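This report looks at a protein and DNA model, taking the domains before the DNA surfaces. Please keep the structure in view while reading.

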Protein chains: 2
Amino acid sequence: MTTSTGHERRNGAETRAEILRVALRLFSEKGYEATSTKDLADALGLTKSSLYYHFRNKEEIVACLMADRRHDLDGLIEWITAQPRTPDLARRAVARWMDGTTPQHLQAMRLAQANRPLMRRLADGDDVRAAFGRVIDLLADEDASAQDRILLRMTFDTIAAALLATQETDTDPRDVIAAARRASIALTDAFANRST
Amino acid sequence: MTTSTGHERRNGAETRAEILRVALRLFSEKGYEATSTKDLADALGLTKSSLYYHFRNKEEIVACLMADRRHDLDGLIEWITAQPRTPDLARRAVARWMDGTTPQHLQAMRLAQANRPLMRRLADGDDVRAAFGRVIDLLADEDASAQDRILLRMTFDTIAAALLATQETDTDPRDVIAAARRASIALTDAFANRST
DNA sequence: GTCTATACTGTGATAGAC
DNA sequence: GTCTATCACAGTATAGAC
């Protein structure tokens, strides 16, 4: 938008994007609660108050960080709804979801996992997990048992499970995704064979 | 130790145990950070300061809550070490771990999951996840790939994964454990067939 | 439009009286 | 063993500088 390339004074959009970038890094490294708004402001060369010009409060910064993934999930729900209801629909939906996951997604997912109570506060009834519930409803039979539903959800959640298994270790994100994909295949089979 | 059964005035051990009980409930319901020491003190009919007589700080309360599970894990490591190294050792170890999980464990695990940064602060190099790393080292071949190690760890972590899949829902703990057991069997097979 | 100075409330934690 | 009083610092709101 502007022609200025200087770094002394940024325009609004640039500052906002930079706040989000630095916030994701700090919140991931030290945790959301452990990172004060002053820490964030110092890392950006701003004051606390400046942050409150760009974001209404600390939580809104995280909310913006999470917007992408929810959008992906809405896309998945649309895709499932438009598909023919073949017996292997669950398998195909899981594969599609796994393929849509990039290493870039992992850091945001880690952040979400590490700050569950915060996510619940942000969500306000319209969160990612609720959307996942709709996915399960679309894919599970009406007479599916509670166990079956949990298992189906775990099949989609293998990425989160793989992140859980690798936390506190520096694992290549591609290995995480690859392991999650293998796990999801194994669980899909377990779900398919549930009542045979 | 004492013969008193009155409830107007508690002795030290009773107060301590009651603090732990109420803290687990509040921290689970509202989250650790969202529960102030004043909330906890009010729920107990004490003042904030009294808590600091029984526990050095807020974090130590959680540390005491987590002691049990680590003890279980130490037992698993001893058991594995004493077993003959048969090809199905991993499968048997997973089964043993799953069988040792009670609904009572789930609430503490939920708490641990919901407060990852806190757990990292508490652990100080000697935490449950590090102990799990030793389990994996005992069970995996030396030439196991990073993917194989993640998959093996996910096999033990199916309980955590099932909790992840059921968060924000009121699911019967027995269904959670049953689904986790089915998932662990499926993943054990996937791990066993890794290089066939 | 972008940022800062300053003050307000609530939190975890400490010192010392009873 | 529990209390009162107090502390430093957190997130937040607002008024106003440029």
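## Domains and DNA surfaces

In this predicted model, chain A is assigned two parts: domain 1 (12-54) and domain 2 (65-192). Their centres, taken over C-alpha atoms, are separated by 29 Å. Contact between them involves seven residues of domain 1 of chain A and eight residues of domain 2 of chain A. On the domain 1 side, the touching residues are five nonpolar, two polar and no charged.

An unreviewed UniProt entry annotates residues 36-55 of chain A as "DNA-binding region". This span is 75% helix and 0% strand. The C-alpha atoms at its ends lie 15 Å apart.

Now the DNA. Around strand C there are 18 residues, and G12(A), S49(A), S36(B), N57(B) and K58(B) come nearest. Two or more residues come from each of α1 (12-30) and α3 (48-54) of chain A, and from each of α2 (37-44) and α3 (48-54) of chain B.

DNA strand D is surrounded by 17 residues. The closest are S36(A), K58(A), G12(B), S49(B) and Y53(B). Chain A supplies at least two residues from each of α2 (37-44), α3 and α4 (58-82). Chain B does so from α1 (12-30) and from α3.

The two surfaces divide by class as follows.

| Surface | Nonpolar | Polar | Charged |
|---|---|---|---|
| near DNA strand C | three residues | 10 residues | five residues |
| near DNA strand D | three residues | nine residues | five residues |

Terms used. Residues numbered from 1 in each chain as written. Chains lettered and ligands numbered in written order. Predicted model: local features only at pLDDT ≥ 70, side-chain atom pairs only at ≥ 80, totals over all residues. Near = placed C-beta within 6 Å. Helix = DSSP H or I, 4+ residues; strand = E, 2+ residues; numbered from the N terminus. Nonpolar A, V, L, I, M, F, W, Y, C, P; charged D, E, K, R; others polar. UniProt positions renumbered as here; feature names shortened; annotations may be inferred. Domains from an automatic or database assignment. Contact = placed C-beta atoms within 7 Å.
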